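User: Please take a close look at the backbone of this model, in particular at residues with an unusual phi. I would like their surroundings described as well.

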Amino acid sequence: MIDSRKLSDLHPDVQSRCVKFVALCRAHGIQIIITSTYRDKECQDSIYAQGRTKPGRIVTNARGGQSFHQYCVAFDVVPMQGKPVWDDEVLWHKIGELGKSCDLEWAGDWLTFREKPHFQYTAGLTIKDFQAGKTLPTKPI
């Protein structure tokens, strides 16, 4: 079961945006850490089970094969202020805006099942596109 935190596991376009995003957060006095990049199907299924068939709260609606993490185009973050900060809405909004300025999609804007820690860059490709074998063209920022 793989749940990576390595930036090198991200597609080069996503990796370059992530590096810029982390630096931009730092420049605004916000320390963030990357909590997840690539996940394999087994890991995604385990996370999906949380709050359903395993203890814990539901944190994703994506089963294995349905997560952008599995296609190396998504990552999750958490702001740190000595410890992880999960409940500061103003801070999350600022982080979301900084991510969007790096051409990342912020799941905190999603209308259903908002995921504030989740950012992705898909260049308009859908999960079905990735499942069909399509990949991002390499064109770093």
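**Charges, fold and two positive phi values**

Analyst: The protein carries 19 positive and 16 negative side chains, and the centres of these two sets lie 0 Å apart. The model is a predicted one, and the values below are computed from it.

On the backbone, two residues can be taken in turn. Most residues other than glycine have a negative phi. Cys-72 has a phi near 65°, a positive value in a residue other than glycine. Cys-72 sits in the loop that connects helix H2 (41-49) with strand E2 (74-80). Its relative accessibility is 21%, and because buried means under 20%, Cys-72 counts as partly exposed.

Ala-123 also belongs here: its phi is near 50°, again positive and again in a residue other than glycine. The loop that holds Ala-123 runs between strand E4 (118-120) and helix H4 (127-131). At 45% relative accessibility, Ala-123 counts as partly exposed, since exposed means over 50%.

The two loops belong to a protein with four helices and four strands, arranged from the N terminus as α-β-α-β-α-β-β-α. For 141 residues a compact globule would have a radius of gyration near 14 Å, and the 15 Å of the protein agrees with this. The C-alpha trace spans about 40 × 40 × 30 Å along its principal axes.

Of the 141 residues, 43% count as buried. Among contacts with a separation of 6 or more, 64% come from residues 24 or more positions apart. The protein exposes about 7700 Å², with carbon and sulfur atoms supplying 54% of that area.

How values were computed
Residues numbered from 1 in each chain as written. Predicted model: local features only at pLDDT ≥ 70, side-chain atom pairs only at ≥ 80, totals over all residues. Heavy atoms only, no water. Buried < 20%, exposed > 50% of the residue type's maximum accessible area, 1.4 Å probe, protein only. Rg over C-alpha atoms; globule rule 2.2 N^0.38 Å. Contact = heavy atoms within 4.5 Å. Areas by Shrake-Rupley, 256 points an atom, 1.4 Å probe, with all protein chains shown as cover. Lys, Arg positive; Asp, Glu negative; His and termini not counted. Charge placed at Lys NZ, Arg CZ, Asp CG, Glu CD.
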